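Open the model in your viewer and switch to a cartoon view. The stops below go from one sheet to the next, with the helix packing along the way.

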Amino acid sequence: MTTLLTTHDVARISQTLGLPEVFKRMVGYIEADFLRWLEFDKSARVASHTEDGVIELMPIADAALYSFKYVNGHPKNTRLGLPTVMAVGLLAEVATGRPELVSELTLTTAIRTAATSVMAARKLARKDAKSMALIGNGAQSEFQALAFHYLLGINEIRLFDIDPAATAKLVSHLQNLPGLTLKVCSSTADAVRGADIITTVTADKRNAVIITPEMVEAGMHINGVGGDCPGKTEMHRGVLEAAKVFVEFEPQSRIEGDLQQMPAEFEVTEFWRVLKGLSSGRDSAEQITFFDSVGFALEDFSALRLLHDCARELGLGQDVSLIPTMADPKNLFGQLGLAVVPVPTLQAA
Ligand SMILES: NC(=O)c1ccc[n+]([C@@H]2O[C@H](COP(=O)([O-])OP(=O)(O)OC[C@H]3O[C@@H](n4cnc5c(N)ncnc54)[C@H](O)[C@@H]3O)[C@@H](O)[C@H]2O)c1
């Protein structure tokens, strides 16, 4: 039997454990897997592009477990009443290929992306960071805001979105949280002025220029989440030139990240090296750091492991028969439960 987790189950995990605990566990699982980086069979995701969006498959495996995520990115979807990003995933046993878990990953992607952002910011932002500009206030944004507030102590978030209704939605969710001040700003420049961290999480399928070099101040950390596809960026290239740039998996980030604007020799650091102590992170209080997040399969592998463990701990999920259970594994035909019939007689037309 394979365990099936629906959006309802993932919501129950968050309700039962609380979102601070879910974020904490998610960061722990992702960090544990990033520290085992060399044990994974890694590849850049397989992307299928159209004018309005992209559909991607994200596989990865270690010696024990294999996973993949199916995910899309269609910025115009919200006009059709659909999320920009939707995802499902599968976790399987490598020794036999048996699928162990099939899960929703739409909610989970938002949680794992925010957890990855915090994991990077812990090493790359200044230790005294207290304020964050949050540009793009759509589906991912509350997750980013809360993960930074709960796990990094960010207590002031400055908001901007070209759609005021998206900002109003975010404010309605988070306005009564004691210890968190929200400031609605009139422009990106207004929001980022004086912020310790900038998170960009916009959706637009073009080379957008959300952050320009003159907006960036010494010591800022930039968490760029929405530039994650060829022809879909958020930074002016001057921002990358001014910063020390960190990526997840370099071969994928060169194609998909804001890094796509830079020449092949432009220097970047894979974040796992910082975590493992093989490369430095932030080198000074004045340095500008940029985490060019695109979303890597390993984060979903970690997320699926966490969901599986939480489902077992809380007794959630449904056992479903996706693979036949057979006393004689060669007797696949018997699973149809059919009596064979003679070739049907063809009627003359
Ligand atoms: N790096 C990752 O791992 C990862 C994971 C998930 C999503 N994403 C990306 O994050 C982005 C946001 O995803 P979402 O699910 O929140 O999308 P969404 O469509 O729900 O929200 C995006 C918001 O960006 C706003 N926006 C667009 N252009 C803007 C601009 N110029 N200035 C300010 N705001 C602007 C839109 O009005 C919208 O409210 C997408 O591009 C998605 O592909 C990345």
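Start with the open sheet of seven strands, in a model that is predicted. Its strands come in the order β2-β3-β4-β5-β6-β1-β17, and the pairing is mixed. Select residues 46-49 and 318-320 to see the edge strands, β2 and β17, each of which pairs on one side only. From one strand to the next, the twist averages 15°.

Next, select β1, residues 2-5. β1 runs antiparallel to β17, and three bridges join the two. Show threonine 3 as sticks: the residue opposite it in β17 is aspartate 319.

Now add helix α3, residues 106-124. The helix lies across β4 (65-73), β5 (87-93) and β6 (99-104), and runs at about 85° to β6.

Move on to the open sheet of eight strands, where the pairing is parallel. The order to trace is β9-β8-β7-β10-β12-β16-β14-β15. Its edge strands, pairing on one side only, are β9 at 181-184 and β15 at 269-270.

Within this sheet, select β12 (221-224) together with β16 (289-292): four bridges pair them in the parallel sense. Which residue of β16 is the bridge partner of asparagine 223? Phenylalanine 291 is that partner.

Bring α3 back into view. Helix α3 also lies across β10 (197-200), β12, β14 (244-247) and β16, with its direction at about 160° to β12. Last, select helix α4, residues 141-152, which packs on the sheet and touches β7 (131-135), β8 (156-160) and β10. The direction of α4 makes about 170° with that of β7.

Notes
Residues are numbered from 1 along each chain as its sequence is written. This is a predicted model: local features need pLDDT of at least 70, side-chain atom pairs count only at pLDDT 80 or more; totals for chains, interfaces and linings use all residues. Two strands pair if DSSP finds at least two bridges between them. Axes are lines fitted to C-alpha atoms, for helices over the stretch in contact, and angles run from 0 to 180 degrees between N-to-C directions. Two residues are in contact if their C-beta atoms, placed from the backbone, lie within 7 Å.
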